[in-house]
Amino acid sequence: MKKFKLPIIPFIVFVVIAQTAASGAVETERLGEIVGACGECHGDNGISKGLVIPNLAGQDRTYLENQIEEFRHKPRKELEQFQLKIRDSHTMDNQSTRFDADELAAITGYFSDLRCPEEDRAPVQTTSIRCGECHGNDGISRKPGVPNLAGQKEAYLLAQLKMFKATILERNKVRPSPSDSPERSPARRYHRTMGQWAARLSEQEMIIAAKYYSSLPGIWVCK
Ligand code: HEC
Ligand code: HEC
């Protein structure tokens with residue numbers, strides 16, 4: 001099994017740049033600058049440098065776009081309806097408001113393209129853990145908008161599960177209203193479906209799930 005390391009990146013950069021250059025959307029140098037800045041935390045190759053900072057390499061593109069939208073906008077009006085997901089992160093809120101739509105499309109395309117072709121991916125032994133319906137039995141999502149979990153940082157996964165659970169429990173207690181500001185709550189991530197799933201897990205089960213998914217080869221790991 002070999003991991004994607006830096007030598008593959010220039011090729012991918014070239015492909016992404018060739019695509020964006022063709023559409024004229026974002027200049028090569030600008031894209032390089034931006035992903036370089038993201039790389040300070042998420043790693044130049046999309047594999048993060050911190051325990052609670054997620055890998056972005058090979059992540060589902062729609063999912064990445066959704067997350068950045070959420071960090072950017074914090075949709076207050078939609079909060080009122082209590083239907084839509086919201087996500088707050090002090091660091092990422094600042095990071096994601098600095099770019100225009102073309103730049104964001106280029107950034108999410110860049111990171112999600114850092115993946116091993118399906119035929120070269122390492123095989124995975126799956127367990128009966130019941131999250132595969134959405135996240136794939138091998139931890140690799142088959143649905144747009146659902147993240148890959150395989151190979152993601154263990155501490156990050158655990159922190160997100162706790163956050164989903166805490167947020168949904170808190171919001172179920174108090175009916176949301178326009179004055180229900182996310183800043184008032186220590187919990188910072190709301191997603192109706194995922195929250196309900198997380199709410200069913202005990203802390204011990206969360207630990208097991210995080211350990212299991214982080215141990216699977218990620219989408220960037222080839223045979
Ligand atoms: C100073 C460190 C830092 C920098 C720089 C940074 N991020 Fe992040 N990013 C984080 C942290 C921490 C999180 C996890 C937030 C949380 O716990 O909810 C995160 C989360 C994300 C997520 C959500 C991923 C997931 O799996 O849910 C995306 C997408 C993302 N960052 C994209 C970017 C992009 C694109 C850039 C560059 C423009 C960037 N980040 C720059 C620290 C950083
Ligand atoms: C019905 C579909 C569905 C099921 C079943 C499901 N999830 Fe999710 N999960 C999602 C979606 C959709 C998201 C993205 C939420 C968002 O956009 O904020 C998500 C996000 C996550 C995240 C955050 C990942 C990241 O990169 O930030 C974790 C961790 C997670 N799920 C773990 C689990 C575990 C563990 C289970 C089983 C106990 C599970 N999920 C079951 C749909 C599902």
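**Exercise 1. Overall architecture**

What percentage of the 223 residues of the protein count as buried? Set this beside the order of the secondary structure elements and the sequence separation of the contacts.

*Solution.* The model under study is predicted. Of its 223 residues, 32% count as buried. The secondary structure consists of 10 helices and 4 strands. Read from the N terminus, these elements follow the order β-α-α-α-α-β-α-α-α-α-β-α-α-β. Among contacts with a separation of 6 or more, 73% join residues that lie 24 or more positions apart.

**Exercise 2. The geometry of H2**

Determine whether the length of helix H2 (28-42) agrees with its residue count, and locate its buried and exposed faces.

*Solution.* Begin with the length. H2 has 15 residues, which at 1.5 Å a residue should span 21 Å; the end C-alpha atoms are 20 Å apart, so the two values agree. Next, list the buried residues of H2, which are Leu-31, Val-35 and His-42. Seen down the helix axis, these buried residues fall within an arc of 20 degrees, and therefore they line one face of H2. The face turned away from this buried side carries the exposed residues Glu-29, Glu-33, Gly-36 and Glu-40. Finally, inspect the end of the helix: just after H2, Gly-43 adopts a positive phi of about 85 degrees.

**Exercise 3. The packing of H3**

Apply the same analysis to helix H3 (61-73) and identify the elements against which its buried residues pack.

*Solution.* The 13 residues of H3 reach 18 Å from the first C-alpha to the last, close to the 18 Å expected at 1.5 Å a residue. The buried residues of H3 are Leu-64, Gln-67, Glu-70 and Phe-71. They cover an arc of only 125 degrees around the axis, which puts them on the same side of H3. Their packing partners are strand S2 (86-87), H5 and H6.

**Exercise 4. Two ligand shells**

Describe the surroundings of ligand 1 and of ligand 2 by residue, element and residue class.

*Solution.* Take ligand 1 to begin with. It is surrounded by 18 residues, of which the closest are Cys-38, Cys-41, Pro-54, Ser-89 and Gln-95. H2, H3 and helix H5 (90-96) each supply at least two residues of this shell, and H2 provides the largest share, with 6 residues. By class, the shell of ligand 1 holds 12 nonpolar, 5 polar and 1 charged.

Turn now to ligand 2. Around it lie 23 residues, with Cys-131, Cys-134, Pro-147, Met-194 and Ala-209 coming nearest. Helix H7 (132-135), helix H8 (154-173) and helix H9 (192-199) each contribute at least two residues to this shell. By class, the shell of ligand 2 holds 12 nonpolar, 7 polar and 4 charged.

**Exercise 5. The largest nonpolar core**

Which residues of the largest nonpolar core touch the most other members? Establish the setting of Trp-220 and the contacts of Tyr-213.

*Solution.* The core has 31 residues, and Phe-111, Tyr-213 and Trp-220 touch the most other members. H2, helix H6 (101-112), H8, H9 and H10 each supply at least two residues of this core. H8 gives the most, with 5 residues.

Trp-220 sits in the loop between helix H10 (203-215) and strand S4 (221-222). There are 23 other C-beta atoms within 10 Å, and burial requires 20 or more; therefore Trp-220 is buried. Trp-220 and Pro-117 are 103 residues apart in sequence, yet their C-alpha atoms are 8.6 Å apart in space.

Leaving aside residues up to four places away in sequence, Tyr-213 touches Gly-139, Leu-149, Ala-150, Gln-152 and Leu-157.

Note on methods
Residues are numbered from 1 along each chain as its sequence is written. Chains are lettered from A and ligands numbered from 1 in the order in which they are written. This is a predicted model: local features need pLDDT of at least 70, side-chain atom pairs count only at pLDDT 80 or more; totals for chains, interfaces and linings use all residues. A residue is near a molecule or strand if its C-beta atom, placed from the backbone, lies within 6 Å of it. Ala, Val, Leu, Ile, Met, Phe, Trp, Tyr, Cys and Pro count as nonpolar, Asp, Glu, Lys and Arg as charged, and the others, Gly among them, as polar. The expected span of a helix is 1.5 Å times one less than its number of residues. A residue is buried if 20 or more other C-beta atoms lie within 10 Å of its own, exposed if 12 or fewer, and partly exposed in between; C-beta atoms are placed from the backbone. The arc is that of the directions from the helix axis to the C-beta atoms. Two residues are in contact if their C-beta atoms, placed from the backbone, lie within 7 Å. A nonpolar core is a set of buried Ala, Val, Leu, Ile, Met, Phe, Trp, Tyr and Cys residues joined through C-beta atoms within 7 Å.
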